[in-house]
Amino acid sequence: MLRTRAKIPVALLLGTLVLPGARAYAWGADGHRIVGEIARRNLTAGAAEIVSALLAGDDENYRTLAQATLWADHVKSDDDRTWHYVNLPRNSKRNHLTEACKRPEWCVTEAVTHFHRRLTGDGDMPSRREALKYLAHFVGDVHQPLHAGRRADAGGNTIRVSFFGREYRVRDLPYNLHAIWDTSIIRRQIERDHGDWRRYADALAAGITPRQRSKWIGTTPEDWTLESSRLAFSEAYPVPKNIEDRYYENSVSVIERQLQRAGIRLAMLLNRAMK
């Protein structure tokens, strides 16, 4: 799917900012760190060594794979916001994805493909380090179902909901549907059952079976995008005005599986790139 583009800027936008005032963070910091930590645990010894060497020369805030997943949300530009998402209709197939990405700017699927190729290439250390950080972030993004949601509601950004009775407030907590899936559900799970993101990553990594791992890596970024879109329409969009236990518990199971898949698939891409 990758097409030739103009020179790539360095910066990215936080989340899926597609409308004025609609600000969202892809998975939030905790979700992205969990993906990175699951990936780290599934690297080959050789890949782990190269990843460590690449990140060792970076800013101290990004020297672990978990922390490196956050970098792309810390360098932001309106010019590059489309790299974080793609908008798809219900029941999308490959042709819909191809059409959705047919524009001058990349969609998230193309961003994953590009930065994996760049990491695999023979670029210098700074170039490969940057590619690693972009890739680690975008693999997380493409597994957030609403990053492959509807254009009409900006991937859930314009759908206002309450969360266990707390109402949407623009200047306080942005309880739109996208933000709930990015951050609020994961944060509530951490506070309720785990204490911090590291323990949550421990639990999710321990729950992955060899059969699941084998099944998940036999797929492509295009498959991951369409998988996320199907989940957006089947699990995220049938949303009550007030999100409480029933919707929450179902969403938790979907989110946890997507975090696991993202971690395993990121590890797969890094293992291939570091051969």
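A residue is taken as buried when its relative accessible area is under 20%, and in this predicted model 56% of the 275 residues of the protein chain meet that description. The secondary structure comprises eleven helices and two strands, arranged along the sequence in the order α-α-α-α-α-α-β-α-α-α-α-β-α. Of the contacts in the chain with a separation of 6 or more, 77% are between residues 24 or more positions apart. The area exposed by the protein chain is about 12,300 Å², of which carbon and sulfur atoms supply 49%.

The largest nonpolar core contains 79 residues, among which V86, F115, L119, L135, W181 and L270 touch the most other members. Helix 11 gives the most to this core, contributing 14 residues. The surroundings of L135 illustrate the packing: when its neighbours within four places in sequence are left aside, L135 is in contact with V112, F115, H116, L119, L266, L269 and L270.

Helix 8, which spans residues 197–206, has W197, Y200, A201, L204 and A205 as buried residues. Viewed down the helix axis, the buried residues of helix 8 fall within an arc of 130°, and they therefore line one face of the helix. This arrangement can be set beside the general geometry of an α-helix, in which there are 3.6 residues a turn, so that residues three or four places apart point the same way. The cover over the buried residues of helix 8 includes helix 1 (28–41), helix 3 (65–68), helix 7 (177–194) and helix 11 (245–273). At the N-terminal end, helix 8 is capped by D196, a side-chain oxygen of which lies 3.0 Å from the backbone nitrogen of R198.

Across the whole structure, 14 salt bridges are found, and E37, R40, R41 and D202 are linked in a network of such pairs. Within this network, E37 and R41 form a salt bridge with their closest N and O atoms 2.9 Å apart; the two residues are four apart in helix 1 and are thus separated by about one helical turn. E37 counts as buried because its relative accessibility is 11%, whereas R41, at 38%, counts as partly exposed. R41 also forms a salt bridge with D202, where the closest N and O atoms are 2.2 Å apart. Because D202 lies in helix 8 and R41 in helix 1, this pair ties together parts that are 161 residues apart in sequence. D202 counts as partly exposed, at 35% relative accessibility.

A further salt bridge joins the side chains of E227 and R261, at 3.6 Å from N to O. Since E227 lies in helix 10 (residues 221–236) and R261 in helix 11, the pair ties together parts 34 residues apart in sequence. Both E227 and R261 are buried.

Technical notes
Residues numbered from 1 in each chain as written. Predicted model: local features only at pLDDT ≥ 70, side-chain atom pairs only at ≥ 80, totals over all residues. Heavy atoms only, no water. Buried < 20%, exposed > 50% of the residue type's maximum accessible area, 1.4 Å probe, protein only. Contact = heavy atoms within 4.5 Å. Areas by Shrake-Rupley, 256 points an atom, 1.4 Å probe, with all protein chains shown as cover. Arc of directions from axis to C-beta. Polar contact = N/O pair within 3.5 Å; in protein donor to acceptor, adjacent residues only side chain to side chain. Core = buried A, V, L, I, M, F, W, Y, C linked by side-chain atoms within 4.5 Å. Salt bridge = Lys/Arg side-chain N within 4 Å of Asp/Glu carboxyl O.
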